[in-house]
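Here are some exercises to work through with the model open in your viewer. Try each one yourself before you read the solution.

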Amino acid sequence: MAALRELPEDILPADARPEKVQVERTRDRAHGDFACNVAMALAKATRRKPRDIAEQLIAALPADFSIARTEIAGPGFINFFLAPAAYHATLQNVLAEKEHYGRSQIGEGLRINVEFVSANPTGPLHVGHGRGASYGATVSNLLAATGYAVHREYYVNDAGRQMNILAASVWLRYLELCGIEIKFPANGYRGDYVFDIARTLHSEHTAKFERPIDEIVVNLPDDEPQGDKEKYIDALVARAKELLGGDYDIVFAAGLNTIVADIRQDLEEFGVTFDTWFSERSLTDNGDVQKAIESLKASGDVYKKSGALWFAAEKYGDEKDRVVVRENGQATYFASDIAYVMNKRNRKFDHLLYILGADHHGYVARLRAGLQATKDDPKSIEVRLVQFAILYRGGEKVQMSTRSGEFVTLRNLRAEVGRDAARYFYISRSNDQHLDFDLELAKSHSTDNPVYYIQYAHARICSVFRQLASQGRQFPDAACNRDFSVLTEPQEDALLVSLARYPEIIELAALGRAPQHLAHFLRDFANEFHTYYNAHQFIVDDTVLRDARLSLVAAVGQIIRNGLELLGVTAPESM
């Protein structure tokens, strides 16, 4: 920018001067460390050849110790070759800043609400939920590392049909414990956890919720296969509410509270915590749903059709209009969704990041439509979809179904492969790509297992300093001035460049919501270290060389710790 300001107006008119200049790392360092295309971008405005502009800019560049030389390449690229001193300064920064190295304030002043997981509390978390949990937690960590004020939120779907089906399922298992035999509905929740909830309910309340079998089944429609399983389960729920009266809430709460508590504990053990567990029912209880409906009405984009209240969402880019209030007077999920968005905005969040399953692909358009109709900024909403995680054991795909109870829980997965491997593997691919989770690879102690390979690099670094201590030698304080000019080996050069790239990777991963960039960087970084470790001795007699190499090794260990912490993975000192 300084060079641009130095160019006279007859060469570069004031109105043609760009506010920003793009400088990128080169893929091949033979072409320099960084390259800039500003000369080509200015060619039209200046009516000059890009190479001529590039020559003028290079001549106007201020002196900088970090730049060894510049050159013009191709049609007008300006390539910058950094001096070794620039990388040596980075090494010193890593040692001085320690756990703060790589962090920035690019998001300072912006409050962002990140909602993720939000699985229906109808059963334990399974391996599919684990991917959303790992992705959401890691993206939140990255955003916090780049200066955003991050608020992590879990939306508890504690209202609606699925929760009523769970309550009915718990009640039927409870009745079985009371000695009442009744055919379990095809559409009920069948997992063992339903039995466990029913046993606790029976232990605490004995026969309080028992009702005669004749009263339960009278006039119920046929279940599958003769009848419609959806109509049957809905009729069974209505019968449970009728026969239990106020006691239905106790049965409902038993299922809800038990499963939410289990989910919370499961996630905490997975290293995933939330600032708020937000109740869907609270939106109705505190009047937010009604306020949202009134706001949509005030927009003039609500109309009645077939006894229901509709919102003209298609007008705002949605694929179709949405029902806000059904003909029976009940508000729809859409109304709750808009109420939830408005609630978040009223809590003064600048940006709303939703991390949802791949089946929510139409979510963003309807949310933005509702927000736009209520005169709020639709760009404040961002939706990231997480594709399915497919589990393989011994080359065989594992089938999963929450309703039938045939699924592998997140807790089971952690018990088998460990928290670290699960956290890493889940974010190793882009969230919009399907993930094949290889159990055997995740458990292996080999160089093919990336998380093991990265952790092994850190353990090796720790062993170097244990060996140093065993020899009665000390590593100089980070504040000491050291001569890094002796770091001339190719492996040392590669590691120094990677140290400098780390903050760029954090910014790239945070702004792109793409934690896989950090995962891949750490894998490659570990490989660079292992290559260095196998090629050279660190604890040598030459004090200057020893201190320089140990400084580099310490910095590598610091970066690995910093990066793994953001991924939710531990950095063991021995393996």
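**Warm-up: the whole chain**

Take contacts in the protein chain between residues at least 6 apart in sequence: 71% of them join residues at least 24 apart. Keep in mind that this is a predicted model.

*Task.* Work out how many helices and strands the protein chain has, and what percentage of its residues is buried.

*Solution.* Start with the secondary structure, which comes to 22 helices and 15 strands. Next, get a feel for the extent: the C-alpha trace spans about 90 × 65 × 40 Å along its principal axes. Finally, look at burial, where 51% of the 575 residues count as buried.

**Exercise 1: a β-α-β unit**

*Task.* Find out which way strands E11 and E12 run relative to each other, parallel or antiparallel, and what hand the unit they make with helix H15 has.

*Solution.* Step one: pick out E11 at residues 351–357 and E12 at residues 381–386; 6 bridges join them, and they run parallel. For a landmark, check Leu356, which sits opposite Leu385 in E12. Step two: add H15, residues 363–373, and you have a β-α-β unit that is right-handed.

Step three: see how H15 packs. Its buried residues are Tyr363, Leu367, Ala369, Gly370, Leu371 and Ala373. Their cover includes helix H13 (288–298), strand E9 (308–311) and H14, along with both E11 and E12. Step four: go just past the helix, where Lys375 follows H15 with a positive phi, near 65°.

**Exercise 2: a lysine out of sight**

*Task.* Decide whether Lys344 is buried or exposed, and name what it is in contact with.

*Solution.* First locate Lys344 in helix H14, which covers residues 333–346. Buried means under 20% relative accessible area. Lys344 has 0%, so it is buried. Now skip its neighbours within four places in sequence and list the contacts of Lys344: Asn113, Glu115, Glu153, Phe349, Leu352 and Tyr354.

**Exercise 3: a small sheet**

*Task.* Which strands are at the edges of the open sheet made by E13, E14 and E15?

*Solution.* Write down the order, E14-E13-E15, with mixed pairing. The edge strands pair on one side only, and these are E14 (396–397) and E15 (435–438). Then zoom in on E13 (residues 389–393) and E14: they are antiparallel and joined by 2 bridges. Tyr392 faces Lys397 of E14 across this pairing.

**Exercise 4: two helices crossing**

*Task.* Describe how H17 and H19 cross, and which residues meet there.

*Solution.* Begin with the axes of H17 (residues 419–426) and H19 (residues 450–470), which come within 9 Å and cross at roughly 115°. The crossing is right-handed. From H17 come Asp420, Ala421, Tyr424 and Phe425; from H19, Pro450, Val451, Ile454 and Gln455. Sort the residues of this contact and you get 6 nonpolar, 1 polar and 1 charged.

**Exercise 5: odd spots in loops**

*Task.* Find where the cis peptide bond from Glu224 to Pro225 is placed, then look at phi for Thr206 and Arg513.

*Solution.* The bond from Glu224 to Pro225 is cis, with omega near 10°, and Pro225 is in the loop between H9 (213–217) and H10 (229–244). Thr206 has a positive phi near 45° and belongs to the loop between H8 (192–205) and H9. Arg513 has a positive phi near 50°, in the loop between H20 (490–511) and H21 (516–535). Last step: Arg513 has a relative accessible area of 8%, so it counts as buried.

Conventions: Residues numbered from 1 in each chain as written. Predicted model: local features only at pLDDT ≥ 70, side-chain atom pairs only at ≥ 80, totals over all residues. Heavy atoms only, no water. Axes fitted to C-alpha atoms, helices over the stretch in contact; angles between N-to-C directions. Helix = DSSP H or I, 4+ residues; strand = E, 2+ residues; numbered from the N terminus. Left-handed = near helix turned anticlockwise from the far one by under 90°. Contact = heavy atoms within 4.5 Å. Nonpolar A, V, L, I, M, F, W, Y, C, P; charged D, E, K, R; others polar. Pairing = 2+ DSSP bridges. Right-handed = clockwise from strand over helix to strand, strands pointing away. Buried < 20%, exposed > 50% of the residue type's maximum accessible area, 1.4 Å probe, protein only.
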